[in-house]
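Student: I am new to this structure and would like a close look at one part of it, the aromatic rings. Please set the scene briefly and then go through the details in one connected answer.

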Amino acid sequence: MTKFEKRTVRLLTILLACLIVLPVISQSFQNTSDFTQSQTAFDNGNFAKAIQLAEFVLNKKQASTKKSAKLEGLEIIAYSQTSLGKFAEAEATIQDALKLVSDPQVEPYLKASIYFCASWLKRKQRQIPEAFAYSRKALSVNPNDSQIQGEYYLNIGRILFSMGYDVSAIIWLEKAEKTLGQQKLTNPAILEVYRFLSHAWASKANFKLGLFYSERFVNLVQKTEFRYKSRQALFERGTLLSATGQKLKAFDLFKKGLESALADKDTYYSRSFLNTIILNLLYENDPAERQQGHGVPDPPVAPLRSRDQEA
């Protein structure tokens, strides 16, 4: 049995698993008085369920919930709505949250988080001046806080990258890396720093540094509870490896990511990994494509993610 045939058998097995698993996405949840389950759903990439769970808690304890707790729930909802592309709903959620941030009982970091969330939404909407403005508001809450400072640098770097200013983005992202990389505990911000440094360097055709930071992203995220981010890291590093001709390494990452997506019933990444694997396997078995032209054409991999597609 050839290498391609072995891979085809494995692919058919995966396809069968997809037919069984993908349609079965449970929306049930347990009774809870905090946002632990909604945060877990968000970390697993189940944004619709995260919204449902957070709204359940907010509606159940509407009268008694403190403003800080309400802000926590509204933040999860806004990020989830933005991730789903429901910008109008996210805008309304952000406005509800902004009405609460002036309360002196709300801790500074939570206030800054709401402003960062608003900036993230504005960036996705391509409202760049507003995205910068909310980032500055977040920093003004406590300019000496290293976490807020690092996330500010990260946010500016992401905005600049979305505008196509790769070199400027790298400068700000490296400042974020220096600030956030000193922390002992891993948080989502440093993961995003490595992710966007990989994107920015790859966009400048410096694939060596692009791969360096994508490897950091993969290695670090696999030590955390952020399973959706882990799949994101595997997919993006696999895509970059494929683009640089390292197809076997890329295939292993795609296969690992697909298994993770199926286990967590993540429809989006299950389809993303599966489509990419199928395209590459079809290419390998197509003599006409492989012999076309004077050289060997690049395999049909999933494109590097658009500047506006990141979750």
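Tutor: Of the chain's 311 residues, 48% count as buried. The model is a predicted one. Its secondary structure comes to 15 helices and zero strands. Among contacts between residues at least 6 apart in sequence, 60% join residues at least 24 apart.

Now to the rings. The structure holds 18 aromatic pairs. A pair of aromatic rings is described by the distance of the centres and the angle of the planes. In the pair of Phe42 and Tyr79, the centres lie 6.4 Å apart and the planes stand at 55 degrees, so this pair is tilted. The edge-to-face class would need planes over 60 degrees apart. Phe42 belongs to helix α2 (residues 36-43) and Tyr79 to helix α4 (residues 67-83), so the pair ties together parts that are 37 residues apart in sequence. Phe42 has a relative accessibility of 21% and therefore counts as partly exposed; the buried class would need a value under 20%.

Another pair is formed by Tyr268 and Tyr269. Here the distance is 4.9 Å centre to centre, with 85 degrees between the planes, and the pair is edge-to-face. As for accessibility, Tyr268 is partly exposed, with a relative accessible area of 45%, whereas Tyr269 is at 0% and counts as buried.

The residues of both pairs also appear in a cluster linked by ring pairs. Its members are Phe42, Phe47, Tyr79, Trp120, Tyr228, Phe235, Phe254, Tyr268, Tyr269 and Phe273.

One member of this cluster, Trp120, has a number that falls within helix α6 (residues 108-124), so a look at how that helix packs is a fitting last step. Two packed helices are described by the angle between their axes and the distance between the axes. Helix α6 packs with helix α5 (residues 87-98) at an angle of about 155 degrees, and the axes are 10 Å apart. An angle over 145 degrees counts as roughly antiparallel, and α5 and α6 are therefore roughly antiparallel to each other. The crossing of α5 past α6 is left-handed. On the α5 side, the contact is made by Phe87, Ala90, Glu91, Ile94, Ala97 and Leu98. On the α6 side, Ile114, Tyr115, Cys117, Ala118, Leu121, Lys122 and Lys124 take part. Sorted by class, the contact has 10 nonpolar residues, no polar ones and three charged ones.

Definitions and conventions
Residues numbered from 1 in each chain as written. Predicted model: local features only at pLDDT ≥ 70, side-chain atom pairs only at ≥ 80, totals over all residues. Heavy atoms only, no water. Axes fitted to C-alpha atoms, helices over the stretch in contact; angles between N-to-C directions. Helix = DSSP H or I, 4+ residues; strand = E, 2+ residues; numbered from the N terminus. Parallel < 35°, antiparallel > 145°, perpendicular 65-115°, else oblique. Left-handed = near helix turned anticlockwise from the far one by under 90°. Contact = heavy atoms within 4.5 Å. Nonpolar A, V, L, I, M, F, W, Y, C, P; charged D, E, K, R; others polar. Phe/Tyr/Trp six-rings, centres within 6.5 Å; stacked < 30°, edge-to-face > 60°. Buried < 20%, exposed > 50% of the residue type's maximum accessible area, 1.4 Å probe, protein only.
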